[in-house]
Amino acid sequence: MKVIMAESYEDMSRRVAEIIASQISCKPKSVLGFATGSTPCGSYGELIRMYNEGKISFEDIIAFNLDEYCGLDGNDMESYHYFMKKNLFEFVNIQEKNIHIPNGRCKDIENECINYEKKIEEAGSIDLQLLGIGENGHIGFNEPDVKFEAHTHLVTLEEKTLKANSKFFNSYEEVPKTAISMGIKTIMNAKKILLLGSGEKKAEVLNKMIYGEITPNLPASILQLHSDVSIIVDKEAGKLLKKQV
Ligand code: PGA
């Protein structure tokens with residue numbers, strides 16, 4: 001694992017955007033795995049800036065998002081469909097047909113999960129997967145006590161996650177209790193992984209994830225076994241980390 005220490009959130013966001021931009025430049029038809037949450041917002045802002053400056057084009061990229069809440073429609077402001085639209089997709093030239101996010105309102109969840117995996121496979125697997133990390137060590141919505149072998153599946157969210165994500169809703173009660181998430185196996189199949197961490201609240205979990213034991217109780221710890229993982233942190237999130245592992 002490579003650990004990159006950024007000076008600040010802005011510096012982290014700029015570096016992440018540069019890595020994504022270089023991926024797109026080297027392979028315009030890249031399959032990119034996107035993440036939601038507060039951490040990647042700055043990186044998406046940087047990507048929009050680079051796009052407006054004519055430095056990158058999203059015309060041929062294929063996007064797959066990590067997860068979506070069950071029960072929310074794409075037009076619900078708290079849905080991840082809406083998040084991606086308002087934080088990135090609406091402002092760049094990505095083609096609608098190339099955007100993939102699990103359908104949280106599907107009638108048959110099992111079928112939706114199988115089809116999502118199929119689409120990733122047909123696209124030729126994910127070239128670069130962006131990840132945030134939960135304070136409980138989740139990646140995507142893969143909560144502790146995870147099954148490492150799982151593909152895209154239905155997940156029940158932990159109370160810690162519901163609390164952390166209630167910042168995006170009017171109240172805690174409104175946060176959906178279940179979601180569809182890429183599984184650990186899906187994430188581990190990505191060719192490259194870029195995990196972002198920002199803020200002191202993530203310092204401890206990042207330390208455990210990188211130097212601690214690999215355990216289903218800390219889902220992100222499995223990334224120690226992936227051959228191409230970069231972790232980019234700001235000063236606060238990286239305060240317990242050494243530079244290179
Ligand atoms: P955050 O969420 O970026 O809002 O901290 C990260 C995550 O839960 O994966």
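**View 1. One cavity in the predicted model.** This predicted model holds 1 cavity of 30 Å³ or more. The volume of the largest cavity is about 30 Å³. Six names make up its lining: Ile 20, Leu 32, Gly 33, Phe 34, Leu 128 and Leu 130. Two elements each give two or more residues to this lining, strand E2 (31–34) and strand E6 (128–131). Strand E2 gives the most, with 3 residues.

**View 2. The cavity lining by class.** Which classes line the largest cavity, nonpolar, polar or charged? The lining has 5 nonpolar residues and 1 polar residue. No charged residue takes part. Look for Leu 32, Leu 128 and Leu 130 among the lining residues. Gly 33 is the polar one, because Gly counts as polar here.

**View 3. The largest pocket.** This pocket has a volume of about 550 Å³. It is lined by 29 residues. Closest to the pocket centre are Ile 133, Gly 134, His 138, Asn 165 and Lys 202. Which helix gives the largest share of the lining? Helix H5 (residues 159–165) does, with 4 residues. By class, the lining of the largest pocket splits into 10 nonpolar, 13 polar and 6 charged residues.

**View 4. The ligand in its pocket.** Where does the ligand sit? The ligand occupies the largest pocket. The residues around the ligand are Gly 37, Ser 38 and Thr 39, then Gly 132, Ile 133 and Gly 134, and also His 138, Lys 167 and Lys 202. This shell contains 1 nonpolar, 6 polar and 2 charged residues. Ile 133 is the nonpolar one, because Ile counts as nonpolar. Lys 167 and Lys 202 are the charged pair, because Lys counts as charged.

**View 5. Ligand oxygen atoms and three side chains.** Start with Thr 39. An N or O atom in the Thr 39 side chain is 2.4 Å from an oxygen atom of the ligand. Turn next to His 138. Its side chain has an N or O atom 2.7 Å from a ligand oxygen. For Ser 38, the distance from a side-chain N or O atom to an oxygen atom of the ligand is 2.8 Å. How much of the ligand does the protein cover? On its own, the ligand has 280 Å² of accessible area, and the protein covers 85% of that area.

**View 6. The second largest pocket.** The volume here is about 290 Å³. Its lining runs through Gly 74, Asn 75, His 81, Tyr 82, Lys 85, Phe 89, Glu 90, Ile 94, Gln 95, Glu 96, Ile 99 and Ile 101. Helix H3 (residues 80–87) gives the most to this lining, with 3 residues. How many residues of each class line the second largest pocket? There are 5 nonpolar, 4 polar and 3 charged residues. The charged ones are Lys 85, Glu 90 and Glu 96, because Lys and Glu count as charged.

Key: Residues numbered from 1 in each chain as written. Predicted model: local features only at pLDDT ≥ 70, side-chain atom pairs only at ≥ 80, totals over all residues. Heavy atoms only, no water. Near = heavy atom within 4 Å. Polar contact = N/O pair within 3.5 Å; in protein donor to acceptor, adjacent residues only side chain to side chain. Areas by Shrake-Rupley, 256 points an atom, 1.4 Å probe, with all protein chains shown as cover. 1 Å grid on protein atoms, 1.4 Å probe; cavity = no way out; pocket = protein on both sides within 12 Å on 5 of 7 lines; lining within 4 Å. Sits in = over half its atoms within 2 Å of the grid points. Points joined across faces, edges and corners; volume = space filled by probe spheres on them.
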